[in-house]
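Biologist: Could you walk me through how to read a protein model, one feature at a time?

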Amino acid sequence: MTNATIQEIEGIDDYWGPAFRSVYEGEGGHEAFVQQLDERIKQHDKEIEKLCNFYYQGFIDSIRELLQVRSHAEELHAEISNVDSNVKETTESLCSRAEELIRARRVELNIAATIEKMELCLPLLTTYSKLKTQVDAKRYYPALKTLEQLEHVLLPRVGPYNWCAQISADIPRLRQAIRDASMADLRDFLENIRKLSPQVGTMALKQTQDMLGRSLANIVKNKKDSMLGISGKDNSGAQCPHELVDFSPLHRCLHIHSVLGAKNDFIQYYRAQRKQQARLVLIPETGNLHDSIQGMKSYLSAVLGFFILEEHLLTTGAGLVSKDWLLDTWSMSVTKVASTLRTSTSLITDPTLMLSIKHQIMLFINTIKCYGLPTDPLPLLLQEMAEHYTEVLMQRWVGVFRDILDNASFLPIEVENQEEYDGVMDTFPYDGDELETQPFPRKFPFSAMVPAVYVQVKEFIYAWLKYSAGLGLGGGRRAAAARHSASLLLSRSFTGCLSALFRRPLPLMQLVQIIVDTQYLEDATSFLYEFISNITGSELVTTQAAGSMFQSARDDAEQQICNNLEKKVDEFLDLENYDWLLVEPTGQASAFVTDMLSYLSGVLTSLEQLPERARVAAVRAATNRIATRLRNLLLEPGVRQVSSGALHQLDLDVIQCEQFAAGEPVPGLREGELLEHFAALRQLLDLITGWDWSSYLHDVGIEGGKYALVTPRDAATLLEKLKEAEQKSSVFSVLKKNERDRRKLLDTVLKQLKQLQNQDG
């Protein structure tokens, strides 16, 4: 076992673990192994010794040879050292040259590579420098083209260098900077175009005015002036309104955004901004357009200039403005313009300013037509303005009429010679055949107010026709409108002035003259219509019904005449006090009644110039006033006693008045018409003086009775006054039988009358 282990150890050089384990686990223990191992060592020593003895002589020989070789080796070493030093000296310069050559070759290669890269980078750097220069010079469209070349052509060729990465990172910033700068230019352009719009509109309005006022004489004159070099226009200036504006910034911005791929966004932004500007333009810069014509001109010029520029862009703007967008914006704007003008013109009270504004609106409409934009609702606005212009003119002429009426004497015109006569005939169309044969001084039937008003009406027609000129109305329509305006002036304005005049107390003869004057003015309206037809070149048409134009004024005058007559009647009756306790009547009418009736007869005679209707109304009013006052005097509560004598005296006065009424002082009355005013008083007097109580009491409440107009109240009132007077006149009259019977009858009648009065109540 031990021998086998040792052999195993000898045969294995690296791994002895199993052998050692078998030694320790064996039965003899490791002492036997150690002993065996010592014996084995001794055995090997003997073998080594035998081997050394065998090779010793050869070893000695080798050593001797080695010692001999040593000397040769030293010689060889010395020679080799000399050669080495010589080689080193020789190769050191060679190596340095080789290293220099290598370095030079490397530098050459680096230079070649650098030149090659620089040749690739130089266009990039040049282009980038060019881009910076273009951006600084605000040449944004070429800068964008350069940017596209830099980004898509040059940068991919160069390669991934840091500075290339910086340029690549700088490209979006430059693109955004160009876009922002472009938008800034657009905003500057929009601000500039807003400031220039009024100038554009002013130039367009002036050109339209020149075109409308063009005539053969003007064309020849302008041609001569141009040939002589006197032309007022600077040929180097703008010939068209839109040439006042430089559109190049806008087109550049459009091209820039097209390159950026944001053309639609740019168009939408432009339209939105212009629409906001349109809303601002539609708001007048001056709050009150009705203050002056300059404010209106500026407003219309700004609006017109805005749409002239947009219409120009419609044809040259590469889609910036579309027809639908332009029409939509114009529709919104023209409605606002019409509303603003309507509001402003409605506040104007100066007809001259109205004419100037109408002229500006007409120029505005004609200019808009030249640019192909619809004009509705501006023509309708002009018609509405015509109505307001008529009202303004009428207001001005109201002042003129008031001055005429305030200064009028309302006396017939009297001329001393032929020159004065011809002057009146020239100003007023009057058929003066009757006056032609009369000697001077001649007297016209109308006052100076008539020709003065007639002349002013003609001036009014001239002023109105100034407004209607150029509205496109035919001669017939202009004439009809002018006739309507003139009729309104006379029937409303002048009649209103007359009515205001009638509110003041006027003498009777002035009232008569005013009625006569209005009749002559009304008859002259046919000449005014003929005058209108001659100016407008239309057929003569009479639209005013005869006698109807100043009817309300005549009614007022007639009413004032009636009031004056009634006041005169009151004055006559107030100046005379009845003696209600008169014992015996005078046997004739009272003097004041006779004087009053004489005055009325004279007044009615002076009213012969008035129409029959006015004279009838006057006599009716006077007669009714007399009857009413006499009846009221008799029944007045303040008169507590009335004697039989006073009653008979009043009866005589009423008879005198009835004779006046029965005489029909003016033609046109129905037979017995004026007597009807005295009927109630006559029946009351007849009842009391005739003591016909049986008939009265029998016919009470029956229509057509003899005393149907006498009420129980009036009869009872008068009987009580009569009873009081009789009681006061004599205390002994009661002793007479006939007086007692009469007193008894009176008491009985009074009792029955009071019963009837209570039943009526």
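What follows is a conversation about the overall form, the strands, some chosen residues and the backbone of this model.

Modeller: Gladly! Keep in mind from the start that this is a predicted model.

Biologist: Then let's begin with secondary structure. How many helices and strands are there in the protein?

Modeller: The protein has 26 helices and 2 strands.

Biologist: And what does the radius of gyration tell me about the protein?

Modeller: The idea is to set the value beside what the globule rule gives for a chain with that number of residues. Here the radius of gyration is 68 Å, well over the 27 Å given by the rule for 761 residues, so the protein is more spread out than a compact globule. The spans of the C-alpha trace along the principal axes are about 230 × 105 × 35 Å.

Biologist: What share of the residues of the protein count as buried?

Modeller: Buried means under 20% relative accessible area. By that cut-off, 38% of the 761 residues are buried. As for the surface, the protein exposes about 43000 Å², and 53% of that comes from carbon and sulfur atoms.

Biologist: What about contacts in the protein between residues 24 or more positions apart?

Modeller: Take the contacts with a separation of 6 or more: residues 24 or more positions apart account for 77% of them.

Biologist: How far apart are the mean positions of the positive and negative charges of the protein?

Modeller: They are 3 Å apart, taken over 80 positive and 101 negative charges.

Biologist: Now the strands. How should I read the two faces of one?

Modeller: In a regular strand, side chains alternate between the two faces of the sheet. Strand S1, residues 412-415, has Ile-413 and Val-415 on its covered face, while Pro-412 and Glu-414 are on the uncovered one.

Biologist: In which sense do S1 and strand S2 pair?

Modeller: They pair in the antiparallel sense, over 3 bridges, with S2 running through residues 442-447. Val-415 has Arg-442 in S2 as its bridge partner. Of the 6 residues of S2, 5 are buried, so the strand is largely enclosed by the rest of the structure.

Biologist: Let's move on to single residues. In helix H16, is Ser-485 buried or exposed?

Modeller: Its relative accessible area is 3%, so Ser-485 is buried. Ser-485 belongs to helix H16. Leaving aside neighbours within four places in sequence, Ser-485 is in contact with Thr-390, Phe-460 and Trp-464.

Biologist: Which residues does Ser-493 touch?

Modeller: Not counting residues up to four places away in sequence, Ser-493 touches Met-394, Val-398 and Leu-488. Ser-493 also lies in H16, which covers residues 475-502, and is buried at a relative accessible area of 8%.

Biologist: How does Glu-148 count at its relative accessibility of 26%?

Modeller: The category between buried and exposed runs from 20% to 50%. At 26%, Glu-148 therefore counts as partly exposed. Glu-148 sits in helix H4, residues 140-158, and touches Val-153, Arg-175 and Val-259 once residues up to four places away in sequence are set aside.

Biologist: How do I compare separation along the chain with distance in space?

Modeller: Look at pairs of C-alpha atoms. Thr-5 and Ala-19 are 14 residues apart along the chain, and their C-alpha atoms are separated by 5.8 Å. Thr-5 is in helix H1, residues 2-11, and is buried with a relative accessible area of 4%. For Glu-148 and Leu-66, 82 residues apart along the chain, the C-alpha separation is 87 Å.

Biologist: Last, the backbone. Where are the cis peptide bonds you would point out?

Modeller: Read the omega angle. Asp-376 and Pro-377 are joined by a cis peptide bond with omega about 5 degrees, and Pro-377 is in the loop between helix H11 (351-370) and helix H12 (378-407). From Phe-440 to Pro-441 the peptide bond is also cis, with omega near 0 degrees; Pro-441 lies in the loop between helix H14 (433-436) and S2.

Biologist: And what is the phi of Phe-410?

Modeller: Phe-410 has a positive phi of about 55 degrees, although it is not a glycine. Phe-410 is in the loop between H12 and S1, and is buried with a relative accessible area of 4%.

Definitions and conventions: Residues are numbered from 1 along each chain as its sequence is written. This is a predicted model: local features need pLDDT of at least 70, side-chain atom pairs count only at pLDDT 80 or more; totals for chains, interfaces and linings use all residues. Side-chain values use heavy atoms; hydrogens and water are left out. Helices (H or I, at least four residues) and strands (E, at least two) are DSSP runs, numbered from the N terminus. The radius of gyration is taken over C-alpha atoms; the globule rule is 2.2 Å times the number of residues to the power 0.38. Buried means under 20% relative accessible area, exposed over 50%, partly exposed in between (1.4 Å probe, protein chains only). Contact means heavy atoms within 4.5 Å. Accessible areas come from the Shrake-Rupley method with a 1.4 Å probe; for residues, only the protein chains shown count as cover. Lys and Arg count as positive and Asp and Glu as negative; His and the chain ends are not counted. The place of a charge is taken as NZ of Lys, CZ of Arg, CG of Asp or CD of Glu. Two strands pair if DSSP finds at least two bridges between them.
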